[in-house]
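Trainee: Could you talk me through this structure before I go back to the bench?
Mentor: Gladly, let's look at it together.
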Amino acid sequence: MTEVILHIYDVTNSGSDKTNNTIMQINKIFKDGIGLGGIFHSAVQVYGDDEWSFGFCEQGTGVFSCPSEKNPMYTYREKIVLGKTSFSIFKVNQILRELSREWPGCSYDLLSKNCNHFCDEFCEKLGVPKLPGWVNRFANAGDAAAEIAGNTAIRIRQAKAEIVSASKVAYRFLVGVTSNSGVGPDSPGNSNRGTPGIQASWFKNLITSGAKPSSGSEIDNKDEDVLQQ
């Protein structure tokens, strides 16, 4: 059995000293001060002196290694011993080959598929505990917020489609009432003279108003008018 070590860095590769200092302050306050989390890079060391992590690249695998505690892109913070794995070095190398195929560099996403997500999966395959929650808490929170926003937008689009469909059905119904009525719209005995025709015309204008391109604000205003009606 051999130890599995997690190495954690402050993310200071922005290219701006001001931004890097801000990140360091955020990590100091939110991690060191209140234990909530921060903006971190992580890597896993198992067998040998190298650590393994994941990052963006346009082609090939995003899985890479470097000497432990010495990634030149970030500022080293600390290490955590996660436990021990019973796998042999040959089995660990096999796991790394599989992960290299499954984690191409072009699939990197800051919120949903970053270095911390990779280390989580690597540790799970090694049979040791995953990363502490604070390491990737900011990314997880951001990913959840993005998912909620996306789901809300989908619901709004579905509601708009349902409103338009209902309007079309109502229009067809009113046209049918007008054409099938035994009393003509101009007949003196028709107490509601012209009403079905007016309503049918209103719905027709509503659902055919898309004949010309409309701006987003115009579409929203039409949707609001439909809801009010």
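Trainee: How much surface does the protein expose, and what share of it do carbon and sulfur atoms supply?
Mentor: Bearing in mind that this is a predicted model, the protein exposes about 13900 Å², and 55% of that area is supplied by carbon and sulfur atoms.
Trainee: And what percentage of the residues count as buried?
Mentor: The protein has 229 residues, of which 29% count as buried.
Trainee: OK, on to the fold. Which elements are there, and in what order do they run?
Mentor: There are six helices and five strands, and starting at the N terminus they follow the order β-α-β-β-β-β-α-α-α-α-α.
Trainee: How are the strands arranged in the sheet?
Mentor: They form an open, antiparallel sheet whose order is β4-β3-β2-β1-β5. Because β4 (63–67) and β5 (75–85) each have a single partner strand, they stand at the edges, and one side of each has no neighbour in the sheet. From one strand to the next, the twist averages 30°.
Trainee: How many bridges join β1 and β5?
Mentor: Strand β1, residues 2–10, pairs with β5 in the antiparallel sense over nine bridges, and in this pairing Tyr9 has Tyr76 of β5 as its bridge partner.
Trainee: Which strands does helix α1 touch?
Mentor: Helix α1, residues 17–33, packs on the sheet and touches β1, β2 (40–45) and β5, with its direction at about 45° to that of β5.
Trainee: And where does α3 lie?
Mentor: Helix α3, residues 115–126, lies across β1, β2, β3 (50–54), β4 and β5, and runs at about 25° to β2.

Definitions and conventions: Residues are numbered from 1 along each chain as its sequence is written. This is a predicted model: local features need pLDDT of at least 70, side-chain atom pairs count only at pLDDT 80 or more; totals for chains, interfaces and linings use all residues. Side-chain values use heavy atoms; hydrogens and water are left out. Two strands pair if DSSP finds at least two bridges between them. Helices (H or I, at least four residues) and strands (E, at least two) are DSSP runs, numbered from the N terminus. Axes are lines fitted to C-alpha atoms, for helices over the stretch in contact, and angles run from 0 to 180 degrees between N-to-C directions. Contact means heavy atoms within 4.5 Å. Buried means under 20% relative accessible area, exposed over 50%, partly exposed in between (1.4 Å probe, protein chains only). Accessible areas come from the Shrake-Rupley method with a 1.4 Å probe; for residues, only the protein chains shown count as cover.
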